[in-house]
Amino acid sequence: MRIFKTLLFCFIGTTSLIAQNAKKIPEVEQLLEKMTIEEKIGQLNLLTPGGGVATGEVVSKNVEAKIKTGNVGGLFGVASPEKMKKAQDIAVKNSRLGIPLLFGSDIIHGYKTTFPIPLGLSASWDMDLIKNTAQIAAKEATADGINWNFSPMVDIARDPRWGRIAEGAGEDPYLGSAIAEAMVKGYQGTDLTANNTMLACVKHFALYGAVEAGRDYNSVDMGHVKMFNQYLPPYKAAIDAGAASVMTSFNDVDGVPSTANKWLLTDLLRDRWNFDGFVVSDYTSLNEMIAHGLGDLQAVSALALKAGLDMDMVGEGFLSTLKKSLDEGKVTETDITNACRRILEAKYKLGLLDNPYRYIDASRPEKDILTEENRKIARNAAAHSFVLLKNENNVLPISKTTKIALVGPLADSRNNMLGTWAPTGDVKYAITIKEGFNNIAPNATINYAKGSNVLNDKELAKKINVFGPRVGISNETPETLLKEAVAAAEKSDVVVAVVGEATEMSGEAASRTDISIPQAQKKLINALVATGKPVVLILMSGRPLVITEEFDLPVSILQVWHPGVEAGNAVADVVFGDYNPSGKLTATWPRAVGQIPIYHSMKNTGRPAPENDQFQKFRSNYLDQPNAPLFPFGYGLSYTTFEYSDVRLSKQKIAQGESITVSVKVKNTGNYDGEEVVQLYLRDVVRSITPPKRQLKGFKKVFIKKGESKTVTITLQPEDLKFYNGNLDFVAEPGDFEVFVGGNSNADLKKSFILE
């Protein structure tokens, strides 16, 4: 333990605390001099007055009175210029110092214009598109007076049982870092005082995606080498991109809950990464440390403040106990002042200290929210997120004049289009798949039948329907529903079945032990296949599913996640061939739950399984399943085909600090124009700690017309060869490296080079 602490100290270094060295803002310092200790503590208090979609069990009380007495630093769960002005008036005109409020919200994948869930957006591998969706979200949210967004969620997740995998970018730290940077820059822009930009809040710090058993709010147990190499990079990328705030996670790290983890919030975040923004707790996570076993409310509040927490979301532990802790010497006035300073600095950066009403303009909602242009981008984003998993006999795309049986419990379900974590969206504006088919193919004959319920378990349905009717149990019997679907199929040329998860079967507090398609829908799929008609499954989900049984059937499968407000139009665009799908999976899809966790950058053991994945005794494999997943990371088909050849390296040997360029020829060998995500994976053959089999270290999305070729170049930068070693030093070690290039993580075109 002593050796580990010494190494950790070497990693952290001797950097002085940001709070001591940061350049102070005169306007903030002048305000601090006027404030009482009670007013400083008040700035650390974030409340929700209710009325919106709650993300926790507690709603604040006596909010107006607390604002008047200077006991509130910000509100969330409030929207509209009128409501914001009323609340800001109370703070500015009725509190002693008139300090304006921050207004926060959970805007996870769009505001009113809802985009695909983040896991779906990540499958586009299009950073410009992802950044643009964040810009639109910021423009719409600020039009309603919101200036602080609890996004992006950058947690690496490798366990699809965890419902919140839907909110992030999947399993890979390289791709996750690129997306984190794009979203922060999209939300914050280049000028935080502009009324169409907002503070980003990176969450959940840290390691929340690695909770044990895939169960929400659970414990995380992980060594520091794994943390730094595999889980922390997206958080750091967001900080490096200028993220103004960070939210703690519910889980513990090294036995200490994140909300009171000094190593995370001060040693790492501020001292090592030079973060100069503020840290907010997740919803009542401060109070929940009592249940973790760290003491009573006063004790955990003091621990959190000393650790580096600046703002307490909803729990009011700071508000109700810090003065007492100060009097008893458990915290210092400097601790409180430093936290308050960081909140005030955020308000200064937004321009609120100069103009508290900067984001409140009653004329903006009508011209900036849910515009035709915003919906057009949402439709495009959705189409780009879809992943073609299988195209049996090239059934897709379908002719716009054919007879189609459109069936399935999600085919005409407006409540299930937006996806989980869309509390600011309104389902009434969503386009269903049935409506999209009618819009895009008015000359097609559409024979619609529901076919089945999402599931038939009424008790499970109650758990899913907390935020409204997502799973409805029909008054018709399952047998009747099935007969109607089969009848529709028999009088059609092709069957399109929209199946999968309801929106709230993933997301927060929606972990599942069984991540297969519900049995009611399995019966429907099998009955449709039995008709002998070509069957296309439009698969909706917020996570990778186990669909081994469905994949083995003679069906085509298009994964569409939960596509957002333009769901139906986007699905129709792809099904009818107006857009050629280009999405690639950003999380590995297992064959069976027993393979979890499974991801592309796993390490070899000392007894690796055979390359052909055939079972061999005394090797690292399963008796009942191959090691390989059903779909690897980076996988996705197209209506066309791409051929890779002629991989070249700019050098055979490079020195420390040099870059190297990799080029590959990609030819469109099919009958459609299309986009391909060219992926580069790297293997460090020998190093001081065991290397992954391969790691994503570069990608480019390119458009290639049918019959044409393009040479794609990707440059490996010096940092791409580095890793955190056993001493937690970020180094590149001399030796052999292998480069793999192709269309997914199983890419087999290989070249080697030497780092001297």
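Student: Is N393 buried or exposed?

Tutor: This is a predicted model, where local features need pLDDT of at least 70, side-chain atom pairs count only at pLDDT 80 or more, and totals for chains, interfaces and linings use all residues. Residues are numbered from 1 along each chain as its sequence is written, and side-chain values use heavy atoms, with hydrogens and water left out. Buried means under 20% relative accessible area, exposed means over 50%, and partly exposed is in between (1.4 Å probe, protein chains only). Because the relative accessibility of N393 is 70%, N393 counts as exposed.

Student: What is the phi of N393?

Tutor: N393 sits in the loop between β11 and β12; strands are DSSP runs of E with at least two residues, helices are runs of H or I with at least four, and both are numbered from the N terminus. Most residues other than glycine have a negative phi. N393 is not a glycine, yet its phi is positive, at about 55 degrees.

Student: Which residue in the loop between α17 (364–368) and α18 (372–385) has a positive phi?

Tutor: The residue is not a glycine, and its phi is near 55 degrees. In the loop between α17 and α18, this is L370.

Student: Which residue does a cis peptide bond join to L396?

Tutor: Most peptide bonds are trans. The bond that starts at L396 is cis, with omega near 0 degrees. The residue after L396 is in the loop between β11 (387–390) and β12, and it is P397.

Student: What is the omega of the cis peptide bond between F205 and A206?

Tutor: A206 lies in the loop between β5 (199–205) and α10 (224–231). The bond that joins F205 to A206 is cis, and omega is about 10 degrees.

Student: Is T586 buried or exposed?

Tutor: T586 is in the loop between α24 (567–575) and β17 (642–649). Contact means heavy atoms within 4.5 Å; leaving out residues up to four places away in sequence, T586 touches several residues, including L119, W125, E171 and F633. Because its relative accessibility is 1%, T586 counts as buried.

Student: Which residue has a side chain in polar contact with that of T586?

Tutor: A polar contact is a pair of N or O atoms within 3.5 Å; within protein, one must be able to donate a hydrogen and the other to accept it, and residues adjacent in sequence count only if both atoms are side-chain atoms. For T586 the polar contact is 2.7 Å, and the partner is S122.

Student: Which helix supplies the largest share of the lining of the largest cavity?

Tutor: A cavity is a set of points on a 1 Å grid over the protein atoms alone where a 1.4 Å probe fits but cannot get out, and its lining residues have an atom within 4 Å of a point. There are 3 cavities of 30 Å³ or more, and the largest holds about 160 Å³, where points are joined across faces, edges and corners and the volume is the space filled by probe spheres set on them. Of its 21 lining residues, the closest to the centre are M153, G168, A169, I179 and M183. Both α7 (118–122) and α9 (173–188) give at least two residues to the lining, but the largest share, 4 residues, comes from α9.

Student: How many degrees of arc do the buried residues of α21 cover?

Tutor: Helix α21 (residues 478–490) has 13 residues and spans 19 Å from first to last C-alpha, close to the expected 18 Å, which is 1.5 Å times one less than its number of residues. Its buried residues are L481, A485, A488 and A489. The arc is that of the directions from the helix axis to the C-beta atoms. They lie on the same side of α21 because their arc is only 100 degrees.

Student: Which exposed residues are on the face of α21 turned away from its buried side?

Tutor: The buried residues of α21 are covered by elements including β13 (445–449) and α22 (519–530). The face turned away from them carries K483 and E490.

Student: Which residues are exposed on the other side of α3?

Tutor: In helix α3 (residues 26–34), V28, E29, L31 and L32 are buried. They line one face because they fall within an arc of 160 degrees. Elements covering them include α4 (37–43) and α16 (333–349). On the other side, the exposed residues are E33 and K34.

Methods: On a 1 Å grid over the protein atoms alone, a cavity is a set of points where a 1.4 Å probe fits but cannot get out, and a pocket is an open set with protein on both sides within 12 Å along at least five of seven lines; lining residues have an atom within 4 Å of a point.
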